[in-house]
Amino acid sequence: MIYGRRYEAVRRVLRKVRREAGLTQVQLAEKLGKGQSYVSKVERGEQYLDVLEFVEWCEACSTPSDKVIKKI
């Protein structure tokens with residue numbers, strides 16, 4: 001469920017990881033090869049993020065995905 005409590009935690013942590021990496025939505029989108037709206041939609045819960053996209057997000061923010069999972 002994209003709006004469930006656990007998924008909200010995922011979105012909150014991913015947004016925090018991006019900000020801690022010092023990246024804007026535009027900068028992260030460029031690293032991911034996506035448009036800025038993709039990042040915005042993920043962070044607002046309008047776009048589903050699969051496990052591979054999760055790992056790519058973490059890598060683009062130079063943060064190990066296992067550390068991000070522990071924060072969730």
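In which loop is Ser62 found? Ser62 sits in the loop that runs between helix H4 (51–60) and helix H5 (65–71). Keep that residue in mind, since we will come back to its backbone after a walk through the helices.

A word on confidence before we set off. What you have in front of you is a predicted model. The mean pLDDT of the protein is 94, and 97% of its residues reach 70 or more. Confidence is highest in helix H2 (residues 25–32), at 98, and lowest in H1, where the mean is 94.

Let us start with helix H1, which spans residues 5–20 and includes Arg6. Arg6 has a relative accessibility of 74%, so it counts as exposed, the cut-off being over 50%. Arg6 also has a partner far along the chain to look at: Ile72 is 66 residues away in sequence, yet the two C-alpha atoms are 7.9 Å apart in space.

A little further along H1 comes a charged pair. Side chains of opposite charge can pair when their charged atoms come close. Glu8 and Arg11 do this through a salt bridge, with 2.3 Å from N to O. The two residues are about one helical turn apart, because 3 residues separate them in helix H1. How do their surroundings compare with the cut-offs? Glu8 is partly exposed, with a relative accessible area of 28%, while Arg11, at 6% relative accessibility, counts as buried because that value is under 20%.

Arg11 also takes us to the packing of H1 against helix H3 (residues 36–44), since Arg11 is one of the residues that make this contact. The axes of H1 and H3 are 8 Å apart and meet at an angle of about 135°. The two helices are therefore oblique to each other, as 135° is neither over 145, the limit for roughly antiparallel, nor in the range of 65 to 115 for roughly perpendicular. On the H1 side the contact is made by Arg11, Arg15 and Arg18, and on the H3 side by Val39, Val42, Glu43 and Arg44. Sorted by class, this contact has 5 charged and 2 nonpolar residues, and no polar ones.

Arg44, on the H3 side of that contact, has a salt bridge of its own. Its side chain meets that of Glu46, at 3.4 Å from N to O. Both partners are partly exposed: Arg44 has 45% relative accessibility, and Glu46 has a relative accessible area of 44%. Elsewhere, salt bridges with shared partners link Lys16, Glu20 and Lys71 into one network.

One link of that network lies within H1. Lys16 and Glu20 form a salt bridge whose closest N and O atoms are 3.9 Å apart. Both residues belong to helix H1, 4 residues apart, or about one turn of the helix. Lys16 counts as partly exposed, at 47% relative accessibility. In total, the structure holds 6 salt bridges.

Now back to the loop and Ser62. Most residues other than glycine have a negative phi. Ser62 is not a glycine, yet its phi is positive, at about 55°. As for its surroundings, Ser62 is exposed, because its relative accessible area of 64% is over 50%. If you plan to inspect backbone torsions in this model, you will find Ser62 between H4 and H5.

Definitions and conventions
Residues numbered from 1 in each chain as written. Predicted model: local features only at pLDDT ≥ 70, side-chain atom pairs only at ≥ 80, totals over all residues. Heavy atoms only, no water. Buried < 20%, exposed > 50% of the residue type's maximum accessible area, 1.4 Å probe, protein only. pLDDT = per-residue confidence, 0-100. Axes fitted to C-alpha atoms, helices over the stretch in contact; angles between N-to-C directions. Parallel < 35°, antiparallel > 145°, perpendicular 65-115°, else oblique. Contact = heavy atoms within 4.5 Å. Nonpolar A, V, L, I, M, F, W, Y, C, P; charged D, E, K, R; others polar. Salt bridge = Lys/Arg side-chain N within 4 Å of Asp/Glu carboxyl O.
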